[in-house]
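The following exercises are to be worked through with the sequence and the model at hand. Each task is followed by a solution in steps.

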Amino acid sequence: MSKVSYRPSKILIADDSPADRLILQSMLQRLGYVVVLAEDGVQAVEKFLSEKPEFVFLDVIMPNMDGVETAIQIKEKAGDDFIPVIYLTSLADAPSLARCLSAGGDDFLSKPYNPIVIEAKIKAFSRMREMNQTLALQKNLIEKNNRHLIQEQNVAKQVFDKIAHAGSLKLPIIRYYMSALAVFNGDVLLADVSPTGSLMVLLGDFTGHGLPAAIGSMPLASIFYGMVNKGFGMSEILREINNRLNQTLPMGLFCCATCFDISFRKQRVLVWSGGLPDSAIYRGATRTFERITSKNLPLAILANRDFKAEPVRFELSAGDHILLWSDGIQEARDRQGKMFGEQRLTSILERGLEASAVFDDIIGEVQAHIGEGERDDDVSLVDITFPDAELGAQMEKKGSKGRGCLQDWSLNFRLESSSLRVFDPMPLLLHITSEVPGLRQSNSLLFTVLSELFNNAVEHGVLGLQSSIKQSAAGFSEYYRLRKEGLENLPLGSWVMLEFEHGVKHNGGLLTIRVRDSGDGFHPTNKTTSGDTQHVYHGRGLTLLRTMCESLVITPPGNCVEAQFRWLHEE
Amino acid sequence: MPAHTSLDPVLLAELKDLLADNFNELIERYTVDSAHRFSLLVTAVPEKDYKTIYYEAHGIKGSSRNMGATKLAEICGQLEAQGHAEDGAGLENLLSEASAEFEVVCGILAGERT
């Protein structure tokens, strides 16, 4: 922004005395200002509006409208723009002077007029005018930013509500309380029934407040619902969430969370908890609580190689409840700033009440503690009833079977010369196999199997390279030089074919992978026994594959390899 | 010299310098405006019209100060104050004193015309 000069260029004089007007006009003109003249208050207001002077000298006692009333009108019409108003007066009594200033005038100029004093006053008020304009600009900017912020928060809340309420929070066995501010304080509650009939619940509490915290809950919610719908297990979901948050959230922003996988059929719950306060299992038979203590770091802190998503298992029976809450309960403050605290909460849990009364008492007492004062609480409390067999079976049906999840399928995928030269099929193939949750669990293993089979087909089959070249360090680089060269000059008519067949079994699934190539297969002179062949031509590669796969069959003359890869359900 | 007490010679010289060609116009405006205000005072004083006394005496006082007519400004200041306080004591005397001083000032200003 360029520096604006706040020296006024045009000055209004309103005075009914013609001699005084002439003297002041002459002085101001000599100082270099353009002067506008008025003979009374009414004229002064008219000239102010038509000529837009930036500075005003006003006689106090004038006909038609006196100086004080004129000052009020000019200030009102100037609005946010600061127009200095200086009274011209030889009034001496204090009450009159006070009246002049309280009406909005800014200073006095006494008679006889002195040019030095006049210039000094104009300068002093120009500085005030400058400050005032800076303030007005900043005020506008703040107002604009504030409107913008509120708009952003509204949009974020709408998006968030859509994502967070995509699941099954409305199930009759879930009862929850989240204060209005909780969402923007980073609390998030997600629940959905998986295709296997498990109810998955996640309560998260992001560090920080406001928009940054709410933003973190977007990937959390979309991964959670996406993976629950596809039937992934809790460990796999948590690993994926942790990985994404770890990679995307800035340092210092993380998510305390507790996740439950409740199986109605198996009458058990798997719990993983990182950083949130204890949750509790209510035993309906004894009206007592079993505490579940967090043993893990919050989500987003550890890189996935260090992240442990090992759940703890509890048996459940009809009438039991799971109760979980965020630290907003213990940290709810009264007007003196005193926290609700762990002890108060524990005493409610130990009262031996009916489950619904426990929920009501916690919310009631926390609210009473906070009082009617400022509501800046972020209280979240969730109660899940473990239903009887009949209701449990109904709950299981809420999860649609195999929503977007591959079951039995097969795939033939043939790469011709032009593709073999440039295309790496691994990401595409793994993307497809990942649609089977059980295979996704074993993604890295499957990657090793697939890439070993494919590379064997390309290098030994299509290109006919001998792995014996790789026995020395120099040979190793020679091998890769030959591979590169071979691919670049690959003749038409070369191909590699990848065939997949996947079938779901009662406890998991079986994936058959068959890789064929256009090569000649094994050299006949070395094909004494199958064991020797593998040893000579494929080195450790196939030996490793044998340990990973259920079976590995090489069909003579060796340009077709079939591997069977089995996966089992978690637990 | 009456000029010394009735008109400040330093201020007068400054005004002459400041107004240059407009100096005669200033004298004209001052004398005509003040004479008009005196005519209003002449009616207002016997009628004890304090508002007019306060208002017009204040006007003469202000421009007289600007012209350097210090003594006239003082007398008018007294009239203004009594008008404001609605104090009628000795108003006639003050008015004739002011009128006489105004005659003196006008005489001097007439001689200062360029």
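**Exercise 1.** What percentage of the 571 residues in chain A is buried? State also the secondary structure content of chain A.

*Solution.* The model is a predicted one. Step one: a residue is buried if 20 or more other C-beta atoms lie within 10 Å of its own. By this criterion, 38% of the 571 residues in chain A are buried. Step two: chain A contains 16 helices and 20 strands. Step three: among the contacts in chain A with a separation of 6 or more, 69% join residues 24 or more positions apart.

**Exercise 2.** Determine how the span of helix α3 of chain B relates to the expected value, and explain how its buried residues are placed.

*Solution.* Step one: α3(B) runs over residues 23-44, 22 residues in total, and spans 31 Å from first to last C-alpha, close to the expected 32 Å. Step two: the buried residues are Phe23(B), Leu26(B), Ile27(B), Tyr30(B), Ser34(B), Arg37(B), Leu41(B) and Ala44(B). Because they cover an arc of only 115 degrees around the axis, they lie on the same side of α3(B). Step three: Val32(B), Ser39(B), Val42(B) and Thr43(B), on the other side, are exposed. Step four: the cover over the buried residues includes α1 (18-30) of chain A, as well as α2 (9-19), α4 (50-67) and α6 (91-112) of chain B.

**Exercise 3.** How many residues does each of chain A and chain B bring to the contact?

*Solution.* Step one: chain A supplies 14 residues and chain B supplies 20 residues. Step two: the side of chain A touching chain B divides into 8 nonpolar, 3 polar and 3 charged residues.

How values were computed. Residues are numbered from 1 along each chain as its sequence is written. Chains are lettered from A and ligands numbered from 1 in the order in which they are written. This is a predicted model: local features need pLDDT of at least 70, side-chain atom pairs count only at pLDDT 80 or more; totals for chains, interfaces and linings use all residues. Helices (H or I, at least four residues) and strands (E, at least two) are DSSP runs, numbered from the N terminus. A residue is buried if 20 or more other C-beta atoms lie within 10 Å of its own, exposed if 12 or fewer, and partly exposed in between; C-beta atoms are placed from the backbone. Two residues are in contact if their C-beta atoms, placed from the backbone, lie within 7 Å. The expected span of a helix is 1.5 Å times one less than its number of residues. The arc is that of the directions from the helix axis to the C-beta atoms. Ala, Val, Leu, Ile, Met, Phe, Trp, Tyr, Cys and Pro count as nonpolar, Asp, Glu, Lys and Arg as charged, and the others, Gly among them, as polar.
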